[in-house]
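Let's take a walk through a protein together, one stop at a time. Keep the sequence and the 3D view side by side as you read.

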Amino acid sequence: MAIEIERKFLVTGDGWRAEVTGSAALRQGYLSTSAKATVRIRIFDDERAVLTLKGPTSGISRAEFEYDVPMADGLAMLDMARPNVVEKRRHMVPHAGLTWEVDVFEGAHAGLVMAEVELDRADQRIDLPEWVGREVSHDDRYANASLSRTPGVPPVDPDAA
């Protein structure tokens, strides 16, 4: 079984931009979300479609299965997911031996910038880049599935660490 172990942070500066090694335009639609599983279709640069099934989160880990699907099928599934679609540009940024994914949201979530990093172990230590701010790994408002159901940028709680 494939396991995703991921931490997610709000981005507080532009220092990451000079380190970008690649980027892609993403459109992702949520076909189903429940306590048991999330089913997502993601289109990369209008060239590749990937169907993803994610299990429930336990800490920062969860089961994840991904499958390439024909582009025409992916676009049809994306239409089925509407209005639960998120649009963003994902930038790949290496830092301290890990690759960070910095997502600059567009459309209904313009103004939101988040960074996530996938880990080998839940207890893995990471060197945080200067441009990351508050961790939102456990804040469901920042989950892409939640964003797909709620237009706008989630409010930032100034009292949160």
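The paragraphs below move from the inside of the protein to its surface, then to its charged pairs and its backbone. Please keep in mind that this is a predicted model.

Let's begin inside. The largest nonpolar core is made of 16 residues. Those with the most contacts inside this core are Trp16, Trp100, Val102, Ala115, Leu119, Ile126 and Trp131. Which elements give two or more residues to this core? They are strands β1 (3–11), β7 (98–105) and β8 (113–118). Of these, β7 provides the largest share, with four residues. A second core, of 10 residues, lies apart from this one, and Val39, Val69, Leu78 and Ala81 are among its members.

Now find Val113, which is part of strand β8. Its C-alpha atom is separated by 5.6 Å from that of Val11, although the two residues are 102 residues apart along the chain. If you set aside the neighbours within four places in sequence, the contacts of Val113 are Phe9, Leu10, Val11, Val102, Asp103 and Val104. Keep Asp103 in mind, for this residue returns below.

Next comes a charged residue, Lys54, found in strand β4 (residues 48–54). Is Lys54 buried or exposed? The cut-off for buried is under 20% relative accessible area. Lys54 has a relative accessibility of 8%, so this residue counts as buried. What does its side chain meet there? The side chain of Glu4 makes a polar contact with the side chain of Lys54, at 3.2 Å. Beyond four places in sequence, Lys54 is in contact with Glu4, Lys36, Ala37, Thr38, Arg40, Arg62, Ala63 and Glu64.

Let's step out to the surface. Here Leu53, Phe65 and Tyr67 form a nonpolar patch, and together they have about 260 Å² of accessible area. Phe65 sits in strand β5 (residues 61–69). With a relative accessible area of 31%, Phe65 is partly exposed.

How many salt bridges does a search of the whole structure find? The search finds 16. One of them joins the side chains of Asp68 and Arg48, with 2.9 Å from N to O. This pair links distant parts of the chain, since Asp68 is in strand β5 and Arg48 in strand β4, 20 residues apart. Asp68 counts as exposed because its relative accessibility is 54%, while Arg48, at 41%, is partly exposed.

Asp103 now returns, this time with a charged partner: its side chain meets that of Lys88 in a salt bridge (3.0 Å, N to O). Asp103 lies in strand β7 and Lys88 in strand β6 (residues 85–95), so their pairing ties together parts that are 15 residues apart in sequence. Both Asp103 and Lys88 are buried. Asp103 also forms a salt bridge with Arg90, and here the closest N and O atoms are 2.7 Å apart. Arg90 is in strand β6 too, so this pair ties together parts of the chain that are 13 residues apart in sequence. Like Asp103, Arg90 is buried. Which residues make up the network of salt bridges around these pairs? The network links Lys88, Arg90, Glu101, Asp103 and Glu116.

Our last stop is the backbone. Most residues other than glycine have a negative phi, and most peptide bonds are trans. With that in mind, look at three places in the loops.

Start at Pro83, located in the loop between α1 (71–81) and β6. The peptide bond that leads from Arg82 to Pro83 is cis, and its omega is near 10°.

Then go to Asp45, in the loop between β3 (38–44) and β4. Asp45 is not a glycine, yet its phi is positive, at about 50°. This residue counts as partly exposed because its relative accessibility is 32%.

Finally, visit Ala96, in the loop between β6 and β7. Ala96 is also a residue other than glycine with a positive phi, near 50°. Is Ala96 buried or exposed? At 53% relative accessibility, Ala96 counts as exposed.

Terms used:
Residues are numbered from 1 along each chain as its sequence is written. This is a predicted model: local features need pLDDT of at least 70, side-chain atom pairs count only at pLDDT 80 or more; totals for chains, interfaces and linings use all residues. Side-chain values use heavy atoms; hydrogens and water are left out. Buried means under 20% relative accessible area, exposed over 50%, partly exposed in between (1.4 Å probe, protein chains only). A polar contact is a pair of N or O atoms within 3.5 Å; within protein, one must be able to donate a hydrogen and the other to accept it, and residues adjacent in sequence count only if both atoms are side-chain atoms. Contact means heavy atoms within 4.5 Å. A nonpolar core is a set of buried Ala, Val, Leu, Ile, Met, Phe, Trp, Tyr and Cys residues joined through side-chain atoms within 4.5 Å. Patches are made of residues with over 30% relative accessible area and no salt bridge: like charges are joined within 9 Å, nonpolar side chains (Val, Leu, Ile, Met, Phe, Trp, Tyr) within 5 Å. Accessible areas come from the Shrake-Rupley method with a 1.4 Å probe; for residues, only the protein chains shown count as cover. A salt bridge is a side-chain nitrogen of Lys or Arg within 4 Å of a carboxyl oxygen of Asp or Glu.
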